[in-house]
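Reader: I have the sequence and the coordinates open. Walk me through the aromatic pairs, the ligand site and a few single residues.

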Amino acid sequence: MTSFKELTDFLKNVEKTSSKKTKVILLAEFLKRLDKNEIAIAVRLLSGKIFPEYSNLSLGVGWATIQKVLKTINVCRLFPYQMEMSIKDVYTLLEKIAKAKGEGSRTKKEMYLRSLILSLSREEIDFLLRIIFGEVRIGASEGILLEAVAEASNCTIEEIRRAYMFLSDLGDVAEAAITRGRIGINQVSLKLFRPVKPMLADMAYSVSEALKEHGGITALEYKYDGIRVQIHSKSGKIKVFSRRLSNITDNVPDIVRAIEDKIKGHDIVVDGEAIGTKGDKPVPFQDIVRRVQRKNDLFSILRELPLRLYLFDILFLDGKLLVDEPYRKRWEILERIVGEDFLAKRLVVSSRNEGEKFFQEAINEGHEGVVAKKLDSVYEPGCRGKKWLKIKEFDTIDCVIVAAEWGHGRRTGWLSDYYLAVLNEETGEFEVVGKTFKGLTDREFEEMTKRLLELRISEREYVVKVKPQIVVEVAYSEIQKSPKYRSGLALRFARITRIRWDKNPYEITTLNELWDRYRKQFERKAGINT
Ligand code: AMP
């Protein structure tokens, strides 16, 4: 049994070194020392994510609750007592906090939190708070943890990454690798009703760029502006999962009903986008989100909208894993099973003119643009790469808000100037690339202020530093070099185009991607990359 203190001491040690290699070795040694049933939870705590994404669990305690609990403890902690808490004990209490739901849940959450804090030392509490606020530095880098798991289990990093694609949780991967070894890890595959992270698209600036990247021929599909859905079905039972792996089946009865007949007889996993419709026209995702007060309401609002489903991929059919098949073949299978009605609109093109015409049709019909797909590409869960290239009308990136300033004038009383950050993949830190107060409605400012205050870490003068959690899509006119920010880059004329309640901060644009775009835009200006 490993104590929470050992985990805390271990972390302090790891943080002393800046060498990635040493970190990997230290982590691997630590993982090997753990009991079997501690591996998954230790890795989750180290990664700062606490619960697997597919579990639908979140702590639901903000800074204010923690402050409140800490205050009461200072008063009543007359007899400082301590018992050794194991990492398992701590995790069980964290689960209890997350699972407290419904009436009286606030009081229950506070009670569990209090009893947890009371059982820990000062140092352990600091560490716990860092876990809760997602600030465990070493863990921010998923890459390091995956390498450590490989090292601890004698599996190759490729084997570990592949298992991660199917399990979608670092803790589960570590447990499988270390307890079951190479044979076990190679048996890990896609399982029905266990969602995998969806494959993602990189950005291209034009159809011709996509054609060049894909070797002169590519499949263009409409880019629908809605909600990503992964549908699993077996023996007549259907479950629908969101992009962040939440089970949203109950919120999309229309979709379930619509597709039921087509997939009923199969064991199947398909991937697509559900969009809201009004008459014949798509309702932009932004308009759906505007009606949503909080992240958790996002999916319940879907119930009120007529939804349409567009499928564009198939991952599994009747016992056969299809992710390693080329996209061309997967499309054929999908077409055969679900028929035209549910397919994304698509055209295989090899000329720029044809492609641009199709792109324009997508825009004219009210969609966001197109996604270009390489015909021979495999499906890589959770990966963003050039095999899929999204082409939109505006250049946008996804940022996370790391701080905000109190507004003045008309915006007095609101946190209205937002510090926008991208992810530095190498350090795992978020780096500011711009600031904006543009793009939100008054109601959104109000809601945003409320949410940001719940995420407050500290406040100095008029700047409130917040836990990086709220993701926003930001449009900009240009990327410039900037000595002002540590990132070295700044967005010109940044404007929030929508709040992405559906994205998590580790899915946003990376600093490397932004540098790439910076260089590309330069090429385009010089007329090389038209
Ligand atoms: P973004 O959210 O801007 O990174 O764009 C990628 C998202 O576009 C995907 O995660 C899907 O939710 C959505 N999308 C809409 N239509 C398609 C399509 N035909 N192929 C792939 N993704 C699509």
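**Rings, ligand and backbone**

Author: Tyr 222, Tyr 224, Tyr 310 and Phe 358 form a cluster linked by ring pairs. Note that the model is predicted.

Reader: How many aromatic pairs does the structure hold?

Author: The cluster of Tyr 222, Tyr 224, Tyr 310 and Phe 358 is built from ring pairs. For the structure, the number of aromatic pairs is 13.

Reader: Take Phe 10 and Phe 30. What kind of pair do they form?

Author: A pair of aromatic rings is described by the distance of the centres and the angle of the planes. For Phe 10 and Phe 30 the centres are 4.1 Å apart and the planes differ by 10°. Planes under 30 degrees apart count as stacked. The pair of Phe 10 and Phe 30 is therefore stacked.

Reader: Which parts does the pair of Phe 10 and Phe 30 tie together, and how many residues apart are they in sequence?

Author: Phe 10 belongs to helix α1, residues 4-16. Phe 30 belongs to helix α2, residues 20-33. The pair therefore ties together parts of α1 and α2, and their separation in sequence is 20 residues.

Reader: Is Phe 30 buried or exposed?

Author: The relative accessibility of Phe 30 is 3%. Buried means under 20%. Its partner Phe 10 has a relative accessible area of 8% and is buried. Phe 30 therefore counts as buried.

Reader: And Tyr 222 with Tyr 224: stacked, edge-to-face or tilted?

Author: Both Tyr 222 and Tyr 224 are buried. Their ring centres lie 6.0 Å apart, with the planes at 50°. Stacked needs under 30 degrees and edge-to-face over 60. So the pair of Tyr 222 and Tyr 224 is tilted.

Reader: On to the ligand. Which residues come nearest to it?

Author: There are 17 residues around the ligand. They divide into six nonpolar, no polar and 11 charged. The ones that come nearest are Glu 221, Arg 228, Glu 273, Lys 373 and Lys 390.

Reader: How much of the ligand does the protein bury?

Author: Look at the side chains that meet ligand oxygen atoms. An N or O atom in the side chain of Lys 223 is 3.2 Å from one, and for Arg 243 the distance is 3.1 Å. For Arg 228 it is 2.8 Å. The ligand taken alone exposes 490 Å², and the share of that buried by the protein is 97%.

Reader: Which element gives the largest share of the shell around the ligand?

Author: Elements that give two or more residues to this shell are β2 (218-223), β10 and β11 (384-392). The largest share is four residues. That share comes from β11.

Reader: Is Lys 373 buried or exposed?

Author: Lys 373 sits in strand β10, residues 369-373. Beyond its neighbours within four places in sequence, its contacts include His 214, Glu 221, Phe 312 and Trp 388. Its relative accessible area is 2%, and the limit for buried is under 20%. Lys 373 is therefore buried.

Reader: Which residues does Leu 113 touch, not counting residues up to four places away in sequence?

Author: Leu 113 lies in helix α6, residues 105-118. At 1% relative accessibility, this leucine counts as buried. Its C-alpha is 7.8 Å from that of Leu 94, 19 residues apart in sequence. With residues up to four places away left out, Leu 113 touches Ile 66, Val 69 and Ile 97.

Reader: Which residues does Thr 449 touch, by the count that leaves out residues up to four places away?

Author: Thr 449 is part of helix α18, residues 442-454. Its relative accessibility is 6%, so Thr 449 counts as buried. By that count, Thr 449 touches Trp 406, Gly 413, Trp 414 and Leu 415.

Reader: Now the backbone. What is phi of Asp 318?

Author: Most residues other than glycine have a negative phi. Asp 318 lies in the loop between β7 (307-317) and β8 (320-321). It counts as partly exposed, at 42% relative accessibility. Phi of Asp 318 is positive, near 45°.

Reader: Where does Glu 461 lie?

Author: Glu 461 is not a glycine, yet it has a positive phi of about 50°. At 69% relative accessibility, Glu 461 counts as exposed. Its place is in the loop between β15 (456-460) and β16 (463-466).

Terms used: Residues numbered from 1 in each chain as written. Predicted model: local features only at pLDDT ≥ 70, side-chain atom pairs only at ≥ 80, totals over all residues. Heavy atoms only, no water. Buried < 20%, exposed > 50% of the residue type's maximum accessible area, 1.4 Å probe, protein only. Contact = heavy atoms within 4.5 Å. Near = heavy atom within 4 Å. Polar contact = N/O pair within 3.5 Å; in protein donor to acceptor, adjacent residues only side chain to side chain. Areas by Shrake-Rupley, 256 points an atom, 1.4 Å probe, with all protein chains shown as cover. Nonpolar A, V, L, I, M, F, W, Y, C, P; charged D, E, K, R; others polar. Phe/Tyr/Trp six-rings, centres within 6.5 Å; stacked < 30°, edge-to-face > 60°.
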